[in-house]
Amino acid sequence: MKSLKAFSSVLFAVGSLLFATSAFAGGPDVFKAENCTKCHSVAAEGIEAAKKPYQRDLSAAGAEHDAAWLAKYIKKEVGIPNKAGEEKMHKGKFNGSDADLGVLTSWLAGLKTPVAPPAE
Ligand code: HEC
């Protein structure tokens, strides 16, 4: 009986650990909750875009930009210069909390997998 009791407390500990982990919203959760998947996939993480054909993939979002820049970009505070040298703002706008923005951009900044562009 003693060992059964020990076993159930181990189960309880594992269960609470699992619960704590799932309660934490990670980068991919925020990414989906903020509808980034409307226009983006992240093939390297197995995240598909809602609309097919696949739109712009962000598997290498962190290769060129750091979290601070990404945060400004998705809040439309900075844009990307186009060929004519004009600043082109992002199409989507992030409307979530600052905490979610931090989780999202630190996750994006860590994405550095080059993915081949989709075949036209
Ligand atoms: C309405 C469609 C749309 C939505 C929604 C959208 N994006 Fe984008 N995003 C684009 C397009 C299009 C580009 C390519 C640049 C451009 O043409 O503006 C882009 C580019 C990017 C880039 C790449 C910048 C670079 O290095 O070239 C990042 C990072 C990004 N989006 C993140 C996000 C995140 C995070 C979300 C969710 C909060 C999001 N996007 C939602 C359309 C969208």
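In helix α5, the residues V103, L104, T105, W107 and L108 are buried. These assignments come from a predicted model. Helix α5 covers residues 98-109, a run of 12 residues. From its first C-alpha to its last, helix α5 reaches 16 Å, close to the 16 Å expected at 1.5 Å a residue. The packing partners of the buried residues of α5 are three other helices: α2 (27-33), α3 (61-64) and α4 (67-74).

Helix α5 also takes part in the surroundings of the ligand. The shell around the ligand consists of 21 residues, of which E34, C36, C39, K91 and G92 come nearest. Two or more residues of this shell are supplied by each of the elements α3, α4 and α5. Helices α3 and α4 thus appear in two settings, as elements that give residues to the ligand shell and as packing partners of the buried residues of α5. Sorted by class, the shell comprises 10 nonpolar, 5 polar and 6 charged residues.

At the level of the whole protein chain, the model contains 5 helices and 4 strands. Read from the N terminus, these elements follow the order α-α-β-β-α-α-β-β-α, and the final element of that order is a helix. The protein chain has 120 residues, and 16% of them are buried. Among contacts in the protein chain with a separation of 6 or more, 52% are accounted for by residues 24 or more positions apart.

How values were computed:
Residues numbered from 1 in each chain as written. Predicted model: local features only at pLDDT ≥ 70, side-chain atom pairs only at ≥ 80, totals over all residues. Expected span 1.5 Å × (residues − 1). Buried ≥ 20, exposed ≤ 12 C-beta atoms within 10 Å, placed from the backbone. Contact = placed C-beta atoms within 7 Å. Near = placed C-beta within 6 Å. Nonpolar A, V, L, I, M, F, W, Y, C, P; charged D, E, K, R; others polar.
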